[in-house]
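Let's take a stroll through a protein model together. Have the sequence and the 3D view ready, and we'll look at a pocket, a core and a couple of single residues.

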Amino acid sequence: MANPNLTDMTEEDAADLQFPKDCSSSRTEKIEHDVELDVSVVKDEIITSDPTCRVCKSALTEPYIRCAVCNNTDLCPFCFSSGSEIGDHKNNHDYIIIKNEFPLIHGSGWTAKQELEFLDILQECGFGNWEDISKRIQEKSPEECKNHYLQYYIDNPSLPGLPRIKETEASLFGCEPIPYLFKLHDLEEPPRFATNTLNCKLLAGYNATRSDFEVNFDNHAELLVSDLNYDEFDASDDHYELGKALHIAIVQSYNNRLKERMRRRKIIRDHGLIAFRKTMSWIQRYECTVTRTLAERLLIFMQLMGGIEFDYFMEGLHRIGKLQNYLNKLFEFRNNGLKYFHSVVMFQKLSKLRQENERERKQYLNNPEYSWKSILPGCNINSTSSMPNVISQRKTAPPLIIKGLPGYEKLTQAERELCSVTRIVPANYVDFKQLLIGENKKNGYLRLAQARVLLKIDVNKTRKIYDFLTEKGYINKSHQ
């Protein structure tokens with residue numbers, strides 16, 4: 001960019017660059033006059049791309065020379081001081097010294113060169129990574145980089161052309177957050193299942209044709225008022241007021257039961273629970289994040305909020321589950337020594353190959369023909385006498401896949417391995433653990449026999465849980 005004090009700096013910069021021309025005073029005056037006329041043309045120009053020298057084709061860095069007569073003619077200091085000429089460009093043409101050492105934003109204290117360098121580094125490192133940005137910008141701390149960007153580019157942008165961004169949901173999140181896509185009117189035909197069928201029972205006996213239930217909630221509520229005799233008490237009787245109050249209480253109780261029946265019917269309709277297939281697919285959506293068991297337990301909150309509000313609630317939990325699954329993947333990659341994303345593809349490919357080889361190895365070992373016992377002396381492979389022993393051996397159950405099950409996040413790595421090997425659901429293990437620890441606090445110790453009475457599960461599983469908790473110091477063994 002042209003320097004504002006071009007007339008004063010021309011002779012000084014030419015002397016520094018050892019300009020070889022023998023210029024007369026009249027020519028110098030003419031050059032100064034012409035350059036002053038050209039300043040208005042190039043004063044507002046901003047250098048945005050990396051220029052190259054027209055003569056030697058090398059990349060130019062400030063300061064360098066730009067011809068004020070020819071278009072797109074930039075020269076490096078060496079070619080300029082040598083008086084090089086190319087095409088229509090002559091070494092006696094007026095010139096401009098390009099420097100980006102002037103302040104681009106008033107009062108910022110940063111030069112134009114630093115601003116361009118800062119924006120390039122910001123795009124590479126990303127917003128918020130101020131530590132890495134400051135390491136690549138000399139003499140600027142992370143706090144200075146952060147405050148400069150927020151002040152001059154976000155809070156109070158002064159450069160022309162910067163967009164004015166209003167803080168709306170669309171600008172902050174990219175688009176307006178929508179929990180899911182839905183139709184205003186359900187075009188699916190309501191189910192019409194026959195009475196006493198399984199699907200009818202799953203819909204709680206709802207009949208879509210009548211918009212009513214085959215058997216209403218609290219179906220025997222009418223028995224409260226069926227035998228009610230309104231003329232039971234006479235006005236002259238001493239207990240008339242008491243009997244009247246009793247009748248009113250019975251009728252009010254009946255009305256409360258009708259209100260509860262209508263409330264439950266409204267929940268069924270507002271949440272679209274009459275569409276059985278949609279409801280089942282909706283619950284299956286959360287199997288890998290919220291988990292089906294927890295989703296079914298959360299259905300009780302339908303009574304406290306509307307359909308859209310409950311969907312927002314479930315979608316929020318679904319999003320949390322997805323983030324947890326993503327973080328678990330990152331932890332798994334880091335535990336396996338991965339530091340870069342480009343290594344993940346090879347790791348997953350090798351893990352899949354390893355699982356296939358492990359599966360083939362187990363199948364090979366389970367085949368009695370390839371058992372090491374078959375090569376012992378006196379052992380006949382085709383003998384049927386040895387087969388019952390092989391067949392009678394009880395196969396160990398494969399480890400249970402507990403990832404994503406309720407309570408998985410509450411376990412340590414050792415507890416996860418225990419639950420997987422013993423095939424115990426994490427939520428049940430947490431309950432067992434709290435039960436045994438509570439009993440241990442009462443007596444100061446806990447025996448294996450007591451643990452078996454408390455848990456009432458397989459004795460082998462109880463033994464493994466008991467030994468694990470004892471080893472970790474959660475419970476104490478009896479000294480007797």
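Helix α14 gives the largest share of the lining of the largest pocket, 11 residues. Helices here are DSSP runs (H or I, at least four residues), numbered from the N terminus. Keep in mind that this is a predicted model, where local features need pLDDT of at least 70 and side-chain atom pairs count only at pLDDT 80 or more, while totals for chains, interfaces and linings use all residues. Residues are numbered from 1 along each chain as its sequence is written, and side-chain values use heavy atoms, with hydrogens and water left out.

Back to the pocket. A pocket is an open set of points on a 1 Å grid over the protein atoms alone where a 1.4 Å probe fits, with protein on both sides within 12 Å along at least five of seven lines; lining residues have an atom within 4 Å of a point. The volume of the largest one is about 1600 Å³, and 29 residues line it. Glu332, Ser351, Gln355, Ile401 and Lys403 lie nearest its centre. The elements giving two or more residues to this lining are α13, α14 (344–366) and α16. By type, the lining has 10 nonpolar, 9 polar and 10 charged residues.

Now for the largest nonpolar core. That's a set of buried Ala, Val, Leu, Ile, Met, Phe, Trp, Tyr and Cys residues joined through side-chain atoms within 4.5 Å. Of its 20 residues, Tyr429, Leu436, Leu446, Ile465, Tyr466, Leu469 and Ile475 touch the most other members. Four elements give it two or more residues: α16 (413–422), α17 (426–443), α18 (448–455) and α19 (459–472). The largest share, 5 residues, comes from α17. Apart from this core lies another, of 14 residues, including Ile105 and Leu159.

Which residues does Leu436 contact, leaving aside neighbours within four places in sequence? They are Leu446, Ala451, Leu454, Leu455, Ile465, Leu469 and Ile475, where contact means heavy atoms within 4.5 Å.

Finally, here are two buried residues (buried means under 20% relative accessible area, with a 1.4 Å probe and protein chains only).

| Residue | Helix | Relative accessible area |
|---|---|---|
| Glu315 | α13 (residues 307–335) | 12% |
| Tyr254 | α10 (residues 240–270) | 17% |

The side chain of Glu315 makes a polar contact (a pair of N or O atoms within 3.5 Å, one able to donate a hydrogen and the other to accept it) with the side chain of Tyr286, at 3.0 Å. Tyr254, not counting residues up to four places away, touches Ala221, Glu222, Leu224 and Val225. Its C-alpha atom is 6.5 Å from that of Ala221, although the two are 33 residues apart along the chain.

Terms used. Buried means under 20% relative accessible area, exposed over 50%, partly exposed in between (1.4 Å probe, protein chains only). Grid points are joined across faces, edges and corners, and a volume is the space filled by probe spheres set on the points. Ala, Val, Leu, Ile, Met, Phe, Trp, Tyr, Cys and Pro count as nonpolar, Asp, Glu, Lys and Arg as charged, and the others, Gly among them, as polar.
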